[in-house]
Every structure is written in C-alpha cells, then in structure tokens.
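Reader: Could you walk me through this structure and explain the words people use for it?
Author: Sure, let's have a look together.

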There are 2 protein chains.
Amino acid sequence: MYELIFVTSNPHKVREVKEIVERLAPKVNVKALNLELKERQLDSVEEIAEEAVKEAFKLLGKPVMVEDAGMFIDALNGFPGPYSSYVFKTIGNKGILRLMEGIENRKATFKSAIAFCSQEGLTLIFTGTVKGEISLEERGEGWGFDPIFIPEEGGGKTYAELGPLKNEISHRRRALEKLATWLSSTLSP
Amino acid sequence: MYELIFVTSNPHKVREVKEIVERLAPKVNVKALNLELKERQLDSVEEIAEEAVKEAFKLLGKPVMVEDAGMFIDALNGFPGPYSSYVFKTIGNKGILRLMEGIENRKATFKSAIAFCSQEGLTLIFTGTVKGEISLEERGEGWGFDPIFIPEEGGGKTYAELGPLKNEISHRRRALEKLATWLSSTLSP
C-alpha cells in the first residue's frame, strides 16, 4: 500500500477524498491529518494549495496532499473565490443568496486544486472545475456552498440534493481523478 | 532625517500615511515603495502585517513599515475583516449594503495594524481601532469602504464625507500616532 497523507481540518473533505481516491487508486491508502498550516492570502486556489503542501512536506517528509477549493460567481467578479471558506463562515449561504437577489446571470464555477508532494519532494498541482449556477434558495442538506450550487450535469439539483452522487461529478472528483491517474501510473510495476 | 520605507500598492494609503506621520514625527521622511509581497491568508490584520513586514525587511534591510486594515461588521460575524481589500474589489460597497439590508444592528469596527521593522530587525505592531456603523447608502466621495462607514466621533458623517478630517480621527491615524510616538522617542537625542 502507498500511504498518502491528506492534510486538512475539514472532515467533509476527508470523507469525500478517501472515498474517491481509494476507489480510483486502490493501492493508495489516504490518511487524514489535521495540521495547522498558514495559508497564504493569494488570489488563486492553486497557489494556496501549492504553498501549503510545500510547508506540509517540510514538516512531514512523506507523500502528502492538500486541497483548496473555491466557488467563483461571475456576476460578483469571482467572489468568494479563494476566500470561500472564510466567506462561508461569516455570511454563509444566506449572504451569497442576498448578494445574488435580482441578478439574472447566476453562473458560477467551482474549482478544486490539489497539491501533491511525492516522497522525493516533487510538487504537482491537479485541478478540477465544474460550471454551474447559484440556486434561488438553499436546497438539500450539505456542507459549505453545496445547498446553493447547481452543477451543469446534475439535472438541476444542487450538490447537496445530489447526495453521494456529488462525488461522481464534482470539481473535487475531477481533480482527484487526475491525481489518481498519476499515482496509478507511478505505482504500477 | 530618518527614512522610513512604507511598502504598499495603495496610493490612497500613501497619501494618508505621509500626511499623518510627517506631521506627528517631523524627523521622519516616509518613502513609498510598491513591492510585491505575498500576504498570508491569516485571520487577523496584525498577523498579516507582521508577516509582510518581515518579508519586506528581509528584502530591504532598512527600516520599513506595512499596514493592513479591515472593517469588521458585527452582524456579519466580522466580515469582511482581514479580507476587506478583496471583498471591496469584488462585491464593493453595494455588496456590503445589500448584505446589511433590513439588519438593525449596523455596528462595525475599522482596524488598522501597522507593522514596523527597525534597522536592527526589531518588529513592532501598532494598532488603531475606530468603532462606528454602516450607513444606509453610500455617502461622499472616498476610497474603499469610506463612503459607507460612519465613525462614532464623526458627527454622523461617513469617512468619505469627512474629507481631510478623516485623518484626524481614523483608525489609521490612531495606529500611526503610536508609531510616531515610538519613533520620536527613539530618534530624540
């Protein structure tokens, strides 16, 4: 087994990542670790993840991954983008819906950036994006912005309403597929 | 003359800081420098300014200061706080007013954190806060959140409506007073 440490403080992400990676790359065993990393205030999820994984690798010296994700709303100039987590904690889904009141263009993109660092210290970034739109009200039970994001390929349902199906089509799934493909090819005899 | 480099990309801050510091500490000559610093995504303006000034001092090796400021709205759990600059650029004053529609508690605090690093590499943080509230609409011409923030001691006017008087009572003024006092005592014969 190839042990991969996933540094995060978010239990929802642990669940999603373990489920997806272990299915796509059965030789990989994902171990979650809550390590206090200083995230840099950068304007892209790729850079945030990359800086964080470098710091984590320095501390751990083992294969490690970090994920950063953001929801970018077209009509709000990309807000909340790389600050999605802070914005969710402060104004929440209700705040986003309020900002979108009366706005016709509800297009948004969810983006995941996975930064991976190998045993040798090689850093790779894998991204996944899903286009969609912001719903008119919260629908379904889910974490983060899941109750208000309707992915294009979700038949009109929000991520939250999709339940386990979310992991089949999500931005995170798409980024993890790229990671898994890379890991599988590297780990194959 | 004591030369102090102020690292910032914001011309409005340069104007305010030069005006205030050179009046309060006449021996100090503030020179603005636009240096690309990676701000860390931290949850306090103090930490953001401190990390940035350390990076700036590493690069410059001379007395240097950095300022970070944020507006913290009580009813929005402190939003936009340390992310004020990003939030202003994306949803702007109109976004904040929209989030505050119908909310009775309009209390907010503006906070400035100045991080200073001396020739010897000593880092000091000076903070200034002003309590106030969010106006019902934009009033006056000003930068950032100035048109929607009514400081407690401003006679009901917004920072923007106060014009040059803003510098007499602002959060930035209060932090700079502390810096100037420290500099004056250090520089006196």
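**How the helices cross, and how the chains pair**

Author: H1(A) goes past H7(A) in a right-handed crossing, meaning that the near helix is turned clockwise from the far one by less than a right angle. Helices here are DSSP runs of H or I with at least four residues, numbered from the N terminus. By the way, this is a predicted model, where local features need pLDDT of at least 70, side-chain atom pairs count only at pLDDT 80 or more, and totals for chains, interfaces and linings use all residues. Residues are numbered from 1 along each chain as its sequence is written, while chains are lettered from A and ligands numbered from 1 in the order in which they are written.

Reader: Why are H1(A) and H7(A) called oblique to each other?
Author: Their axes, 10 Å apart, make an angle of about 40°. Angles under 35 degrees count as roughly parallel, over 145 as roughly antiparallel, 65 to 115 as roughly perpendicular and the rest as oblique. So H1(A) and H7(A) are oblique.

Reader: What makes the contact between H1(A) and H7(A)?
Author: Val17(A), Ile20(A) and Leu24(A) are among the residues on the H1(A) side, with Leu176(A) and Ala180(A) among those on the H7(A) side. Contact means that C-beta atoms, placed from the backbone, lie within 7 Å.

Reader: Why are H4(A) and H4(B) oblique to each other?
Author: The axes of H4(A) and H4(B), both covering residues 92-99, cross at roughly 120° and come within 9 Å. That angle falls in none of the named ranges, so the pair is oblique. Gly95, Arg98 and Leu99 of chain A meet Gly95, Arg98 and Leu99 of chain B there.

Reader: How do you know that chains A and B are related by a two-fold axis?
Author: Chain A superposes on chain B by a rotation of 180° with 0.0 Å of shift along the axis, at an RMSD of 0.0 Å. The fit is by least squares on C-alpha atoms of residues with pLDDT of at least 70 in both copies. That is the relation of a two-fold axis. The same surface serves both copies, as 100% of the contact residues of chain A recur in chain B.

Reader: What does each chain put into the contact between A and B?
Author: 17 residues of chain A touch 17 residues of chain B. H4(A) gives the largest share of chain A's side, 3 residues.

Reader: Why does Glu51(A) count as buried or exposed?
Author: Glu51(A), in helix H2, has 21 C-beta neighbours inside 10 Å, so Glu51(A) counts as buried. The cut-offs are 20 or more for buried, 12 or fewer for exposed, and partly exposed in between.

Key:
Axes are lines fitted to C-alpha atoms, for helices over the stretch in contact, and angles run from 0 to 180 degrees between N-to-C directions. Helices (H or I, at least four residues) and strands (E, at least two) are DSSP runs, numbered from the N terminus. Two residues are in contact if their C-beta atoms, placed from the backbone, lie within 7 Å.
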